[in-house]
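Hello,

Here is the structure I promised to pass on. Please open it first, then read my notes alongside it.

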Amino acid sequence: MTDLLIRGAEVSGGPRTDVLLRRGVVAALGTDLPTAGVPVLDAGGGALLPGLHDHHLHLHALAAESDSVRCGPPRVHTAAELARALAAAPGDGWIRGVGYVETVAGLLDSAALDALHSTRPVRIQHRSGALWILNSAAAARVGLDSADAPGVERDAAGRATGRLWRADTWLRSRLPDTGPPDLTAVGAQLAAYGITGITDATPDLSAESLAALGAAAASGRVPQRLTLLGVPLGRTGAARVTTGPYKIVLADSGLPEIDTLVGTVRRAHELGRPVAVHCVSREALLVLLAVFDEAGTIAGDRIEHGAVVPAESLDVLRRLGVTVVTQPGFLADRGDDYLRRVDPADLPDLYRCRSITAAGVGLALSSDAPYGPLDPWQVVAAAVSRRAPDGRIVGPGETLRPAEALGRYLAPLHDPGGPARTIAAGIAADLVLLDRPIARQLAEPATAAVRTTIIGGRIVFDR
């Protein structure tokens with residue numbers, strides 16, 4: 001069913017109106033619209049919005065997280081708690097841990113992880129997503145000590161420490177082949193949040209991952225409109241997915257040579273693809289700005305995260321015309337840890353929002369899930385309050401007004417820093433109906449307000 005009459009909805013904060021959907025698009029807005037043979041959904045004065053877009057997340061990692069052991073706050077805070085969590089992992093094979101942070105038990109290596117759990121092979125991912133730590137049993141199974149792969153850390157004697165930096169593809173190739181995880185539950189959760197479009201930011205997607213993501217979109221297991229950043233240069237994505245900018249990772253564990261990076265950016269631009277560059281530190285941003293000055297920019301170039309953006313770089317970002325896709329949800333999730341451990345000189349520059357928009361730079365909000373909170377309403381609230389778990393405010397001068405924060409989830413997938421979408425005749429019927437007026441939702445953003453989510457005129461979630 002792609003024809004529907006939504007009756008008595010609040011659109012753009014105005015008086016109640018009817019919205020007619022036909023063949024997957026908004027056909028008309030007004031009163032006394034024809035209803036013969038068209039199902040009717042009574043909005044009861046609830047706000048009707050364009051569907052939300054999450055401009056940066058990782059679908060397969062999200063699905064895998066449900067079968068993983070949580071290894072960091074808020075569930076695990078000490079080495080003893082981590083040891084208990086690993087011992088309680090179900091099954092008798094590999095243990096996959098996620099969300100680890102050094103405040104639990106320091107910067108782990110194989111020996112330190114053996115002291116916590118040695119009977120089963122264990123791999124634990126740092127909450128940044130940049131690092132895996134393997135215990136000795138896991139290291140032996142993947143042949144870590146004899147591995148010749150980038151990202152395998154070694155000590156002064158040349159022995160593998162058990163730490164792998166940005167080596168996901170290599171590690172995956174050495175693990176039991178279970179195939180890509182099922183995305184049905186992830187797609188349903190996104191729909192329940194009111195999300196109708198997503199950008200998967202996983203870099204360097206394999207042919208198997210591309211095929212699996214395309215199949216999930218084609219089957220409706222992921223009902224959202226899907227854009228992929230990790231499609232290799234010169235390749236096209238699968239059916240029913242869009243190839244987005246080309247994902248480049250500036251890893252702080254080993255920044256690339258500027259000439260190499262300039263060459264990669266130029267090659268992407270020559271193929272007609274913008275770039276989306278993972279950039280979380282001051283040093284990485286300065287390198288990237290130098291690269292853009294040398295290689296030039298094109299419409300659609302974007303910076304992923306922008307975790308530290310010095311004030312003096314804002315004018316440069318505006319001149320370059322790039323968009324910053326950031327995640328203030330991290331402040332609500334771990335802002336207290338940032339206040340303890342981030343260099344005080346970087347705190348004013350952390351996950352900027354207001355100053356970015358004030359400088360005329362495009363801004364989009366996103367989750368970076370599973371590494372940050374997936375709930376878009378939690379991210380919106382974090383952008384408004386910037387409140388850490390312990391109640392302190394991180395960067396009080398960087399707050400957004402509620403409508404501004406929501407608008408950064410309403411930008412088009414192809415233009416995440418652009419104007420928020422609005423409901424008008426002729427647009428795709430990708431909509432979310434709330435059970436309350438927009439003023440009430442903005443005053444206290446809540447997932448519970450999401451009543452119905454519609455994609456292409458089809459109801460994909462109905463509370």
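**The six-stranded sheet**

Val69 has Gly97 of β8 as its bridge partner. That pairing sits where β7 meets β8 (residues 95-100): two bridges join these strands, and they run parallel. A word of caution before going on: this is a predicted model.

Both strands belong to an open sheet of six strands. The order is β7-β8-β9-β10-β12-β11, and the pairing is mixed. Which strands stand at the edges? They are β7 and β11 (152-154). Each has a single partner strand, so one side of each is left without a neighbour in the sheet.

Now go to the other end of that order. Strand β10 (residues 131-134) and strand β12 (residues 160-165) run antiparallel, joined by three bridges. Here Leu131 stands opposite Trp165 of β12. β12 also pairs with β11; two bridges join them, again antiparallel. In that pairing, Val152 has Leu164 of β12 as its bridge partner. β11 and β12 form a hairpin with five residues between the strands. Within this hairpin, Gly158 takes a positive phi near 90°.

As background, strands of a sheet pair through backbone hydrogen bonds, either parallel or antiparallel.

**Unusual backbone**

Most residues other than glycine have a negative phi, and most peptide bonds are trans. Four places are worth a look with that in mind.

Start with the peptide bonds. Pro73 and Pro74 are joined by a cis peptide bond, with omega about 10°. Pro74 is in the loop between β7 (69-70) and α2 (79-87). Another cis bond runs from Ala369 to Pro370, and its omega is near 10°. Pro370 is in the loop between β20 (362-365) and α14 (376-385).

Asp368 lies in the loop between β20 and α14 too. Asp368 is not a glycine, yet its phi is positive, at about 60°. Is Asp368 buried or exposed? Its relative accessibility is 5%, so Asp368 counts as buried, the cut-off being under 20%.

Asp204 is the other non-glycine to check: its phi is positive, about 50°. Asp204 is found in the loop between β13 (195-200) and α8 (207-219).

**Ser206**

Ser206 is found in the loop between β13 and α8 as well. Ser206 is partly exposed, with a relative accessible area of 30%. Its side chain reaches the backbone nitrogen of Ser209 at 3.1 Å. Ser206 and Thr169 are 37 residues apart along the chain, and their C-alpha atoms are separated by 8.4 Å.

**Aromatic pairs**

How many aromatic pairs are there? The count comes to two. In one of them, Phe330 and Tyr351 have ring centres 5.7 Å apart. The ring planes are at 45°, so this pair is tilted. Phe330 lies in helix α12 (residues 329-341), while Tyr351 lies in the loop between α12 and α13 (354-358). The pair therefore ties together parts that are 21 residues apart in sequence.

Both rings belong to buried residues. Phe330 has a relative accessible area of 5%, and Tyr351 has 6%. Tyr338 joins these two residues in one aromatic cluster.

**The second largest pocket**

Last, the second largest pocket. About 860 Å³ of space lies in it. Its lining has 36 residues. Which of them lie nearest the centre? They are Glu65, Arg70, Asp333, Pro370 and Gly372. Pro370 is familiar from the cis bond with Ala369.

Several elements give two or more residues to this lining: α1 (59-65), β8, β9 (122-126), α7 (184-192) and α12. α12 gives the most, with five residues. This is the helix in which Phe330 lies. β8 is the strand that pairs with β7.

What is the lining made of? It divides into 16 nonpolar, nine polar and eleven charged residues.

Best wishes

Definitions and conventions
Residues numbered from 1 in each chain as written. Predicted model: local features only at pLDDT ≥ 70, side-chain atom pairs only at ≥ 80, totals over all residues. Heavy atoms only, no water. Helix = DSSP H or I, 4+ residues; strand = E, 2+ residues; numbered from the N terminus. Buried < 20%, exposed > 50% of the residue type's maximum accessible area, 1.4 Å probe, protein only. Pairing = 2+ DSSP bridges. Phe/Tyr/Trp six-rings, centres within 6.5 Å; stacked < 30°, edge-to-face > 60°. 1 Å grid on protein atoms, 1.4 Å probe; cavity = no way out; pocket = protein on both sides within 12 Å on 5 of 7 lines; lining within 4 Å. Points joined across faces, edges and corners; volume = space filled by probe spheres on them. Nonpolar A, V, L, I, M, F, W, Y, C, P; charged D, E, K, R; others polar. Polar contact = N/O pair within 3.5 Å; in protein donor to acceptor, adjacent residues only side chain to side chain.
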